[in-house]
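Thanks for coming, everyone; please have the sequence and the structure open while I talk. I will go slowly, and I will keep to what can be read from the coordinates.

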Amino acid sequence: IMTQQVSGSSFLESCFLKMPVRVCSPLRQRRHTLPASEFRNLTPQDAISVFEIEREAFVSVSGVCPLTLDEVLNFLGQCPELSLGWFEEGQLVAFIIGSGWDQERLSQEAMTQHVPDTPSVHMHVLSVHRHCRQQGKGSILLWRYLQYLCCRPGLRRALLICEDFLVPFYLKAGFKEKGPSAISVSNMQFQEMEYMLGGQAYARRNSGC
Ligand SMILES: CC(C)(COP(=O)(O)OP(=O)(O)OC[C@H]1O[C@@H](n2cnc3c(N)ncnc32)[C@H](O)[C@@H]1OP(=O)(O)O)[C@@H](O)C(=O)NCCC(=O)NCCS
């Protein structure tokens, strides 16, 4: 059920058991109580860390954040099960925030609204801490998130808008272009991308390619 949060990440673990996790020695594990690498749903308590990464990633570049702090709090309060954070030794290094959407294409209202119990997920933001970029983390988190959504009953597709320069990044992850989006923010134009849950990327990863 969409409104239920996955707790204790046992559900996540069952989805991702086959995924590689950073290996560290038993000695190192004993010295640190925080897990080296952890993926879990975000909560409103993570909003400040989320917003710090987001602010650095977007404000300095375009002056516009996909989500304000209030919107982050709002979505993490309403649909935490559609978010995923990557933590290293307790620090947030990358995250995705999503919400439910009930129409074929994304429209301006989708930017601020969560529609519960719908087959479409609107991915508002994927962001990686600036110290951790270009290491494959964005792609790995995106892939884990899409696999996680595949495990959730009732979900059929993920939608997002992005600027032209990131279209190849999302195409590589298995998204298809839906064409120019009707949404515009501060005169910026976006492409809309769609990922059909339940198949292609999973099959590709498991075919040994
Ligand atoms: C976009 C982002 C999530 C990618 O995460 P990442 O961990 O750096 O990405 P990966 O290491 O998995 O993959 C790198 C690929 O991302 C794409 N990419 C990342 N930043 C890019 C940029 N500024 N311009 C063009 N392509 C870019 C490229 O395809 C790149 O592959 P390449 O190095 O072979 O060209 C990350 O750079 C980020 O947080 N950027 C700022 C926030 C943002 O733009 N978010 C996306 C819109 S919501």
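**A helix pair, a ligand shell and some loops**

Let me begin with a packing contact, in which Ala-47, Val-50 and Phe-51 of helix H3 meet Leu-69, Val-72, Leu-73 and Leu-76 of helix H4. Sorted by type, the residues of this contact between H3 and H4 come out as seven nonpolar, with no polar and no charged ones. I should say at once that this is a predicted model, and that everything I quote is computed from it.

As for the geometry of that pair, the axes of H3, residues 47–59, and H4, residues 69–78, come within 10 Å and cross at roughly 135 degrees. Because angles over 145 degrees would be needed for roughly antiparallel, that crossing makes H3 oblique to H4. The handedness of the crossing of H3 and H4 is right-handed.

Stepping back to the whole protein chain, there are seven helices and seven strands, and along the sequence they follow the pattern α-α-β-α-α-β-β-β-α-β-α-β-β-α. The chain has 209 residues, of which 30% are buried. If we take the contacts between residues at least 6 apart in sequence, 67% of them join residues at least 24 apart.

Now to the ligand. Which residues come nearest to it, out of the 18 around it? They are Ala-57, Val-128, Arg-133, Gly-138 and Ser-139. The elements that give two or more residues to this shell are strand E4, helix H5 and helix H6, the last of these spanning 167–172, and the largest share, four residues, comes from E4. By type, the shell around the ligand divides into ten nonpolar residues, six polar and two charged.

Between E4, residues 120–128, and H5, residues 137–151, there is a loop, and Gln-134 is found in it. Most residues other than glycine have a negative phi. Gln-134, however, is not a glycine and still has a positive phi of about 60 degrees. Is Gln-134 buried or exposed? It counts as exposed, because it has 7 C-beta neighbours inside 10 Å, and the cut-off for exposed is 12 or fewer.

The loop between E4 and H5 also holds His-131, which counts as exposed with 9 C-beta neighbours inside 10 Å. The C-alpha atoms of His-131 and Val-93 are separated by 8.5 Å, although these two residues are 38 residues apart along the chain.

A further positive phi occurs at Ser-186, a residue other than glycine, where the value is near 45 degrees. Ser-186 has its place in the loop between strand E6, residues 176–180, and strand E7, residues 191–196, and it is exposed, with 7 other C-beta atoms within 10 Å.

My last residue is Cys-162, in strand E5, which covers residues 157–162. Cys-162 has 18 C-beta neighbours inside 10 Å and therefore counts as partly exposed, since 20 or more would be required for buried. Leaving aside residues up to four places away in sequence, Cys-162 touches Val-167, Tyr-170, Phe-190, Gln-191 and Met-193. With Phe-190, the C-alpha to C-alpha separation from Cys-162 is 5.2 Å, while the two are 28 residues apart in sequence.

I will stop there and take questions.

Key:
Residues are numbered from 1 along each chain as its sequence is written. This is a predicted model: local features need pLDDT of at least 70, side-chain atom pairs count only at pLDDT 80 or more; totals for chains, interfaces and linings use all residues. A residue is near a molecule or strand if its C-beta atom, placed from the backbone, lies within 6 Å of it. Ala, Val, Leu, Ile, Met, Phe, Trp, Tyr, Cys and Pro count as nonpolar, Asp, Glu, Lys and Arg as charged, and the others, Gly among them, as polar. Axes are lines fitted to C-alpha atoms, for helices over the stretch in contact, and angles run from 0 to 180 degrees between N-to-C directions. Angles under 35 degrees count as roughly parallel, over 145 as roughly antiparallel, 65 to 115 as roughly perpendicular and the rest as oblique. A crossing is left-handed if the near helix is turned anticlockwise from the far one by less than a right angle, and right-handed if clockwise. Two residues are in contact if their C-beta atoms, placed from the backbone, lie within 7 Å.
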